[in-house]
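Colleague: Please give me a close look at one part of this model, the interface. Then add whatever local detail you think is worth checking by eye.

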Protein chains: 2
Amino acid sequence: MRYKCIISYDGTNYMGFQIQPNCDTVEERLEQAIKKMLDTDVKVVASGRTDRLVHALGQVIHFDIDKKLTPNNIKRGLNSFLPKDIHVNEVEIVDEDFHARFSAKSKEYHYFINTGEYNPIIRNYMPNITNLDVSLMEDAIKLFIGTHDFKGFASSQIDKRKDTIKTIYEAKIIKYDDKLEFIFIGSGFLKYQVRKMMGLLVEIGFKKETKDKIIKIFETKDPKLSHKILGGEGLYLYKVNY
Amino acid sequence: MRYKCIISYDGTNYMGFQIQPNCDTVEERLEQAIKKMLDTDVKVVASGRTDRLVHALGQVIHFDIDKKLTPNNIKRGLNSFLPKDIHVNEVEIVDEDFHARFSAKSKEYHYFINTGEYNPIIRNYMPNITNLDVSLMEDAIKLFIGTHDFKGFASSQIDKRKDTIKTIYEAKIIKYDDKLEFIFIGSGFLKYQVRKMMGLLVEIGFKKETKDKIIKIFETKDPKLSHKILGGEGLYLYKVNY
């Protein structure tokens, strides 16, 4: 049976999603929990990786097991073996042709900035950045919408064979009294892409750059031009659509 | 010179405010930061203690130092030596007759409950309690308002000489989609008082108790009757008024 799970996690204490030697990762914790529950080695497939410190409210994974368990039993079992900073929200039995990564049609990322006084309560959940001209950022963020080659906003180490042409369907800012919420919905996102787009938006908000820089990076496709990467602690994988 | 500071902290990793041997406490961190900044031993006086896990957004402290430094230099200096989960928000030079504890006229505590799905992001900041009948709680919370002997809502270990008659000026619930915010403004609060009042309110919300239990505890003054104590992680010292 193939199970699809929607999971949330606090990325603060993890070296990201993907298993790496000698690191505490979300993927390893998930596979350990399945092993404790079913006494069998199971490989978890996620919609994609998230970096160190990055949070998830709607990450999606799938895995295959021989036993047929009800979704509710899978949910309760996994949550009883997972640490408190990882949680299974929903479990569903899916067809064998469902794939957490390849079946994903779009993804939604949110980025939060605390624009007020530094607040220790939220230090791991939104960076503190003040004196931003939000109207300049609102004007600039629209340029990300559409189909573009995002190579210039990706990590300079990404695989050269990787398709860097992606579509952003929605990119907007929601303003609150003392925080900003940035929403990006797109066909897919490259490594560091949202954090680099955010880095440039913040430079535009500081009036150190103008929105023309976005167009320049699209044209040159040069990742060195998008040098400012905002911290992972403000980024949330919010939803994966299938 | 006497300095008054308004400070905030994330209580997650501390054994409360007050210095205790072999424990990491907020008070010790503050005194260490002052020592690092001024190379002198200074005793910090707070408006009151907060328990293990309890947070503060508006705790007030005072301390005396010989040097005359501007409030802004004190703020910047302390924040550079404090860990990231403790922050000085405001500093003011005050008269010698100001006392963080004895001059306090009222205190405001907030308690947050996550009433939706368990969310790992906020696990240390609001407990997850579902299926509460909020209208019963709203009806009951009003009974706390006024001047009462709160001995029955205090820790059974409190000093017998302590004045347990306190006045609550305001007690109310603000409802959000997936959380509840409880606000208590009072002349002062006894050890465990807010968390025990919250414990009983939750029992009332679960229909395990009725609001008559509040009156019974006021009458009997028996701390054993208020046996349910909600976790410290949902409690915030919000403001101290002088």
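**Loops, interface and salt bridges**

Modeller: N22(B) is exposed, with a relative accessible area of 84%. Exposed means over 50%, buried means under 20%, and partly exposed lies in between (1.4 Å probe, protein chains only). This is a predicted model, in which local features need pLDDT of at least 70, side-chain atom pairs count only at pLDDT 80 or more, and totals for chains, interfaces and linings use all residues. Residues are numbered from 1 along each chain as its sequence is written, chains are lettered from A and ligands numbered from 1 in the order written, and side-chain values use heavy atoms, leaving out hydrogens and water.

Back to N22(B). It sits in the loop between strand 1 and helix 1 (26-38) of chain B. Helices (H or I, at least four residues) and strands (E, at least two) are DSSP runs, numbered from the N terminus. The phi of N22(B) is near 60 degrees, a positive value in a residue other than glycine. Most residues other than glycine have a negative phi. K221(B) is another case, with phi near 55 degrees. Its loop runs between helix 5 (212-220) and strand 9 (235-241) of chain B. K221(B) is partly exposed, at 35% relative accessible area.

Now the interface. Chain B and chain A each bring 21 residues to the contact, where contact means heavy atoms within 4.5 Å. The area buried between them is about 1600 Å², with 57% of it from carbon and sulfur atoms. P120(B), I121(B) and R123(B) supply 34% of what chain B buries against chain A, more than any other three residues. Buried area is the accessible area (1.4 Å probe) that two parts lose on being put together, summed over both.

Charged and polar pairs cross this interface too. There are four salt bridges between chain B and chain A. D10(B) makes a salt bridge with R123(A), and their closest N and O atoms are 2.8 Å apart. The rule for a salt bridge is a side-chain nitrogen of Lys or Arg within 4 Å of a carboxyl oxygen of Asp or Glu. Eight residue pairs are in polar contact across the interface, both residues being at pLDDT 80 or more. Three strands of chain B each supply at least two residues of the side that touches chain A: strand 1 (2-9), strand 3 (55-64) and strand 4 (86-94). Strand 4 of chain B gives the largest share of that side, four residues. By class, the side of chain B that touches chain A has nine nonpolar, six polar and six charged residues. Here Ala, Val, Leu, Ile, Met, Phe, Trp, Tyr, Cys and Pro are nonpolar, Asp, Glu, Lys and Arg are charged, and the others, Gly among them, are polar.

What relates the copies? A turn of 180 degrees and a shift of 0.0 Å along the axis lay chain B on chain A with an RMSD of 0.0 Å. That is the relation of a two-fold axis. The superposition is by least squares on the C-alpha atoms of residues with pLDDT of at least 70 in both copies. In chain B, I122(B) comes closest to the rotation axis, at 4.8 Å (C-alpha). The same surface serves both copies, as 100% of the contact residues of chain B recur in chain A.

Next, H99(A). This histidine lies in the loop between strand 4 (86-94) and strand 5 (106-114) of chain A. H99(A) is buried, at 18% relative accessible area. Its side chain reaches the backbone nitrogen of F102(A) at 3.0 Å. A polar contact is a pair of N or O atoms within 3.5 Å; within protein, one must be able to donate a hydrogen and the other to accept it, and residues adjacent in sequence count only if both atoms are side-chain atoms. Leaving aside neighbours within four places in sequence, H99(A) is in contact with V45(A), H62(A), A104(A) and Y242(A).

Last, salt bridges at large. The structure holds 34 over all chains. One of them joins R29(A) to D24(A), with the closest N and O atoms 2.8 Å apart. R29(A) is partly exposed at 27%, and D24(A) is partly exposed at 28%. R195(B) pairs with D51(B) at 3.3 Å between the closest N and O atoms. R195(B) lies in helix 4 (residues 193-205) of chain B and D51(B) in the loop between strand 2 (45-46) and strand 3, so the pair ties together parts 144 residues apart in sequence. R195(B) is buried, at 13% relative accessible area. In chain A, salt bridges that share partners join E27(A), E31(A) and K43(A) into one network.
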